[in-house]
There are 2 protein chains.
Amino acid sequence: MAISDPSLFDAFAACGATAAGGVHRPCASAADGAARDVLEAALNAAGAQTRTDAVGNQFGLFRLAEAPDAPLVMMGSHLDSQPNGGRFDGALGVAAAVHVGAALMRLKREGARFSADFCAVNWTNEEGARFRPSLLGSGVYVGRHTADEALAALDDDGVTLRDALSAIGRNGGDQAPPLPACYLELHVEQGVTLEQAGVAVGVVTRNWGATKFDVTYKGEQAHTGPCPMGLRRDALLAASHLIVEARAIADRWPGKVHSSVGRLVVAPNSANVVPCETRLSLEIRSNDDGVLAEASALADAAIATAAERAAVEVASVVRNERAIRPMPAAVSDLVEASAAALGAPSLRLDTVAGHDAISLLGHCPTGLVFVPSAGGIAHNEAEFTAPKDVETGFSVCLEAAARLCRAAGSPERALDQQGLAA
Amino acid sequence: MAISDPSLFDAFAACGATAAGGVHRPCASAADGAARDVLEAALNAAGAQTRTDAVGNQFGLFRLAEAPDAPLVMMGSHLDSQPNGGRFDGALGVAAAVHVGAALMRLKREGARFSADFCAVNWTNEEGARFRPSLLGSGVYVGRHTADEALAALDDDGVTLRDALSAIGRNGGDQAPPLPACYLELHVEQGVTLEQAGVAVGVVTRNWGATKFDVTYKGEQAHTGPCPMGLRRDALLAASHLIVEARAIADRWPGKVHSSVGRLVVAPNSANVVPCETRLSLEIRSNDDGVLAEASALADAAIATAAERAAVEVASVVRNERAIRPMPAAVSDLVEASAAALGAPSLRLDTVAGHDAISLLGHCPTGLVFVPSAGGIAHNEAEFTAPKDVETGFSVCLEAAARLCRAAGSPERALDQQGLAA
């Protein structure tokens, strides 16, 4: 049974398509609005009831069960992209959710009985590229942020998420569905583990921890010519010391710590002016609690030392921590069993990146399924996953979702369900 | 005789005024357009004929001499500012030129005889903040750039100087006046030499040399999470290594080398993406030819080493050199004699910064007069020069200009002229 419909995925990829084969689809941009319209049309065509909540999360409810208050199985990801990002990141998981919902509706029409409803979802601002923080829509859904906090988030031009959503007609008035009995997400791995193992299906059992710092240095504007070096308070020099040191921190624990500064804003950013302010986003990630704590403490110290070396002030440090946590074993077991039932080898692995599934972790049973990324390339226009791997990923998700929807959404009970093949 | 009219300087300062007492008046912005309108009105009121050339340089010709083809004495500076810059930088010199022109016209009406005409000028895009390179308008005037090259310069939003000037109605059709017999410029020192010496008048006798580099690093966009550290090609890490090393180069020659990176543009500049491109402006300045050559060679090496350390490519390096040159002795002697005639102590000193007078150096006899900057603060909203120092600077310029206009613009002959006081 071929379940994937490449036309929906391709239709998403056409929204904000770049010449180099990627997508440039910032959250709540016109391109994101176009992709959301494509999603809504696809959900309606597949027989779902669509809802959009106050922060633009889009839900498509597939009524499968007889009972009006049946539990929910939810599946989804996000349609926003990084600047000049890849077309698979996020969009693949949304396309998978629509196709799983459509397939389950077909099964229902063919006589299948379900004890849970299914819901496909597109979460707002997963990437954290246009608005910060990342995982914003799913964070509101689980109560980590209020809708008002999220809607007040600003992009670099000072536009609020509220106004950006309004501009694309996506500041919805619907209530979000209740927390599901189980949440599943299909995503590209963005690493090389599956490709190197030659395995199409990754069962994520744990997320790496992360400490994320938003640092602002304040120095003093001065003329780059006559101002004596000893009097300069150069906020860019401070940022540069920190960036160099952040790399050195990662190099102390090869393979166990990843670090980066992806974002740096310089003011006034004029060739002849000593910069008076820099704002940067630094992250330290690790797969080991003790190492993460130690590396994060080194980063704390480096933030201060860099300021001293450039005679500037640390104006603010906002520090966000994401703990290393296991994914629920029952969901991992279910995904693994679903892959096995289809004859698809699978591999258990960590996720280094955050995903909406990690955002929901702890609020409901949550599963994250990876398919391979060619060369591990991610957040890049060259991102690619082979069609046969996409097909396998879609099939495994449908298998797991069908079992869940026959088991009132319980991953433990779903393990004992007959598969679609039966 | 009180010659300075604070109302014109204040009127300039009101154009693009910031809450903190500075000005934000990028070249060819609406604020710059407003300041240019103020200048044109002041020139007309003072009896000058106004001209605007193809790159927006504004000239005000004061016809002082009997002969229709009399030589010209020119004086001016610029009205554009750095982002959140000071109100004295540039605007003081333009205000001084208008007041000198107006005073000379009054003297003519009172019966004085002159053998040169006077011209006040506002040069376009001296700062190099909105459009690069700096000294653009004066560079076109002396033939260093063509008007078409200058008009094609782009700001960070991709707007050409041509379109920006058109938007403020300042893409003029007038021919620029011929090269003057002598050019004078009054400017704030932007350093602490005059303040520390307690002297109001600086006679600039030499400019520091500079090597300016526009460097582009190209790496590869990647996800900051899963991408293994060893595979990253981080263009921001390369820029950071270079910025740290640029400071170390200056520190090898205390007081003899100034270095800075004032401008750094990061792409795609998203917290979760390893940067694929950085573009930065690095400058090395020195007062010693040999040291400048050595420090610049170290910078060349540092540009390459930084790329290697971050596994990125040096996509381009544009290298511009400004030689250390003496100002013509006759003009310096004239300024010094003019100050002495007014009883104002003066001091000979270098300029570390570039100015339009340096742009004209070598094309005509050129003089640069400094007044003190409180605390040496420059390119900063807190920039300040005391009113009595401004008054002294204006008086010295009028004295020197009057002598020049009585001596057919020749600084050598002007030295022998009687002063205004005589």
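Which residues are exposed on the other side of H9(A)? They are Gly290(A), Ala301(A), Ala304(A) and Glu308(A). The close-ups below come from a predicted model, and they begin with that helix.

**View 1. Helix H9 of chain A, end to end.** H9(A) runs over residues 289-309, which makes 21 residues. From its first C-alpha to its last it reaches 30 Å, close to the 30 Å expected at 1.5 Å a residue. Look just after H9(A) and you'll find Ala311(A), which takes a positive phi of about 55 degrees.

**View 2. The buried residues of H9(A).** Here you can pick out Leu292(A), Ala295(A), Ser296(A), Ala299(A), Ala302(A), Ile303(A), Ala306(A) and Ala307(A), the buried residues of the helix. They cover an arc of only 125 degrees around the axis, and that puts them on the same side of H9(A). As a rule, an α-helix has 3.6 residues a turn, so residues three or four places apart point the same way. Turn to the other side of H9(A) and you meet exposed residues, among them Ala301(A) and Glu308(A).

**View 3. What lies over that buried side.** Several elements of chain A help cover the buried residues of H9(A), including helix H8 (235-252). Strands are part of the cover too: E7 (209-218), E9 (257-267), E11 (277-286) and E12 (313-322), again from chain A.

**View 4. Strand E15 of chain A, wrapped up by its surroundings.** Six of the six residues of E15(A), residues 366-371, are buried, so the strand is largely enclosed by the rest of the structure. Thr366(A), Leu368(A) and Phe370(A) point one way, while Gly367(A), Val369(A) and Val371(A) point the other way. Whichever way they point, all are buried.

**View 5. The strands paired with E15(A).** Strand E5 of chain A (residues 182-188) runs parallel to E15(A), and six bridges join them. Strand E6 of chain A (residues 201-207) pairs with E15(A) in the antiparallel sense, over two bridges. Keep an eye on Val369(A) in this view: it is the bridge partner of Leu186(A), and Val203(A) stands opposite it as well.

**View 6. Where chain B touches chain A.** The contact takes 51 residues from chain B and 51 residues from chain A. On the chain B side, the elements giving two or more residues are strand E8 (222-223), helix H8 (235-252), strand E9 (257-267), strand E10 (273-274) and strand E11 (277-286). H8(B) gives the most to this side, with eight residues. As for the mix, the chain B side divides into 22 nonpolar, 22 polar and seven charged residues.

Key:
Residues numbered from 1 in each chain as written. Chains lettered and ligands numbered in written order. Predicted model: local features only at pLDDT ≥ 70, side-chain atom pairs only at ≥ 80, totals over all residues. Helix = DSSP H or I, 4+ residues; strand = E, 2+ residues; numbered from the N terminus. Expected span 1.5 Å × (residues − 1). Buried ≥ 20, exposed ≤ 12 C-beta atoms within 10 Å, placed from the backbone. Arc of directions from axis to C-beta. Contact = placed C-beta atoms within 7 Å. Pairing = 2+ DSSP bridges. Nonpolar A, V, L, I, M, F, W, Y, C, P; charged D, E, K, R; others polar.
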